[in-house]
Amino acid sequence: MPPPEPSITIGTRRISASDPCYIIAEIGVNHDGDLATAHRMIDVAHACGADAVKFQTFRTEANILSTAPKADYQQRQTGDGSQFDMVRKLELDFEDFTVLKRHCDAIGIEFLTTAFDPEALDFVLTLGVPCLKWPSGEITNLALLRQAARSGLPVLLSTGMADMADIERAVGELRGRCDFAVLQCVSDYPAALEDQNLRVLPAFASAFDCPVGFSDHTLGSTAAFAARGLGMAVLEKHITLDASGDGPDHAASMEPDSFKAMIAALRGIEKGLGDGVKRPVAAELSTRKVARKSLVFGRNLRAGHTIMAGDLLAKRPGDGLGPEWLDAVAGKALICDVTADKQVQWGDLEGQAQ
């Protein structure tokens with residue numbers, strides 16, 4: 001028997017490669033610091049069919065020095081200036097997340113939010129979230145990882161900018177303390193398709209014996225579809241109301257119509273993945289009878305004749321003795337006369353009457 005498939009539980013959902021993919025619509029900071037927009041985005045994500053929305057919870061002062069520069073993609077999107085000032089404009093108050101969590105509960109979509117500092121993580125844990133989504137930039141933050149592990153909540157570990165040593169160290173902080181999944185991620189916005197290295201998904205599953213996922217920063221759905229076929233159990237993808245927005249992440253985000261179409265296509269892909277056990281399906285059985293062949297006699301033969309392989313042909317339909325029985329039939333003697341094109345039957349053969 002094969003070993004049991006790795007899985008984790010998020011809320012009431014079992015998450016594994018063979019279960020429906022857990023799809024997170026990352027709102028992140030695409031609300032642009034506006035609470036009303038955040039509420040609207042929750043409704044949009046729910047209408048698209050996402051399983052969860054995800055925000056980012058932080059205090060700018062606790063995370064960023066006033067002199068910190070912007071990343072290249074941030075500068076492309078928002079122009080010059082400090083990272084601190086840019087992020088400060090995108091910050092929501094802790095109390096806002098309490099209200100957003102109630103909104104999610106009311107409409108039936110799970111609420112997630114990534115915490116970037118100890119105070120924020122303590123607060124997030126009071127909200128009753130079903131799991132913790134770990135940001136790539138904090139994968140080496142061992143103190144914060146240990147704080148998360150102590151919570152006992154499942155951790156979805158993003159691995160952007162990391163190598164295997166970074167991931168092994170982070171997993172070492174989680175293993176035995178909480179369940180986890182490891183997510184492939186490329187921390188560029190938007191990220192190039194050719195940079196995704198999606199074959200690491202089965203490598204992660206083998207190395208860490210856990211479900212795997214994909215935090216997708218590419219444009220479009222192609223990478224997500226490929227990842228699903230490689231075992232992706234969790235998908236995180238940015239959603240926006242307007243990809244031309246001014247914030248740092250809008251350009252790498254998917255607008256609602258496309259997000260909804262992606263989810264519909266993923267659910268279709270899942271129907272086609274099956275369980276990995278090869279067998280004919282019910283719809284094939286009638287076709288098998290006419291597409292396969294049966295053994296027939298290639299010419300008229302007399303009783304007592306010892307059948308040679310050359311006396312036999314394979315012809316449709318496949319409702320008789322199949323050609324895979326050729327070696328079992330050859331060498332047997334006939335107990336009756338037969339005519340050309342008659343299907344071979346065990347009852348025609350000496351010692352084989354049934």
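## A tour of helices, sheet and unusual bonds

Begin by selecting helices α6 and α7, where α6 passes α7 in a right-handed crossing. A crossing is called right-handed if the near helix is turned clockwise from the far one by less than a right angle, and left-handed if the turn is anticlockwise. Helices (H or I, at least four residues) and strands (E, at least two) are DSSP runs, numbered from the N terminus.

What is on screen is a predicted model, in which local features need pLDDT of at least 70 and side-chain atom pairs count only at pLDDT 80 or more, while totals for chains, interfaces and linings use all residues. Residues are numbered from 1 along each chain as its sequence is written, and side-chain values use heavy atoms, with hydrogens and water left out.

**Stop 1: α6 with α7**

Stay with this pair and colour residues 142-151, which form α7; the axes of α6 and α7 come within 10 Å and cross at roughly 15°. Axes here are lines fitted to C-alpha atoms, for helices over the stretch in contact, and angles run from 0 to 180 degrees between N-to-C directions. The two helices α6 and α7 are therefore roughly parallel to each other, a label used for angles under 35 degrees, whereas those over 145 count as roughly antiparallel, 65 to 115 as roughly perpendicular and the rest as oblique. Show the side chains of Pro118, Leu121, Asp122 and Leu125 in α6 together with Leu144, Gln147, Ala148 and Ser151 in α7, since these residues make the contact, where contact means heavy atoms within 4.5 Å. By class, the residues of this contact of α6 with α7 divide into 5 nonpolar, 2 polar and 1 charged. In this grouping Ala, Val, Leu, Ile, Met, Phe, Trp, Tyr, Cys and Pro count as nonpolar, Asp, Glu, Lys and Arg as charged, and the others, Gly among them, as polar.

**Stop 2: α5 and its two partners**

Next select α5 (residues 94-107) along with α6 (residues 118-125), whose axes come within 11 Å and cross at roughly 30°. The crossing of α5 and α6 is right-handed, and Phe94, Phe97 and Thr98 of α5 meet Glu119, Ala120 and Phe123 of α6 there.

Then add α1 (residues 35-48), which packs with α5 at an angle of about 25°, their axes lying 10 Å apart. On the α1 side, the contact includes Leu35, Ala38 and Ile42, and on the α5 side it includes Val99, Leu100 and Ile107. By class, this contact of α1 with α5 has 7 nonpolar, 3 polar and 2 charged residues.

**Stop 3: the sheet**

Now hide the helices and display the strands: 8 of them form an open sheet in the order β5-β4-β3-β10-β9-β8-β7-β6, with parallel pairing. Two strands pair if DSSP finds at least two bridges between them. The edge strands, each pairing on one side only, are β5 (110-115) and β6 (132-134), and the twist averages 25° from one strand to the next.

For a detail, zoom in on β7 (residues 155-158) and β8 (residues 180-185), which pair in the parallel sense over 4 bridges; Leu157 stands opposite Val182 in β8. Bring α5 back to see that it lies across β4 (52-57) and β5, running at about 175° to β4. Helix α10 (residues 222-229) can be shown as well, since it lies across β9 (212-216) and β10 (232-238), running at about 175° to β9.

**Stop 4: unusual backbone**

Most residues other than glycine have a negative phi, and most peptide bonds are trans. Select Tyr189 and Pro190, where the peptide bond is cis, with omega near -5°; Pro190 sits in the loop between β8 and α9 (200-208). Asn197, also placed in the loop between β8 and α9, has a positive phi of about 50° although it is not a glycine. Another cis peptide bond joins Arg316 and Pro317, with omega about 5°, and Pro317 lies in the loop between β12 (312-315) and α13 (326-329).

**Last stop: the whole protein**

Finally, zoom out to the full model, in which there are 13 helices and 12 strands. The radius of gyration is 30 Å, well over the 20 Å that the globule rule gives for 354 residues, so the protein is more spread out than a compact globule. That radius is taken over C-alpha atoms, and the globule rule is 2.2 Å times the number of residues to the power 0.38. Taken along the principal axes, the C-alpha atoms fill a box of roughly 100 × 40 × 40 Å.
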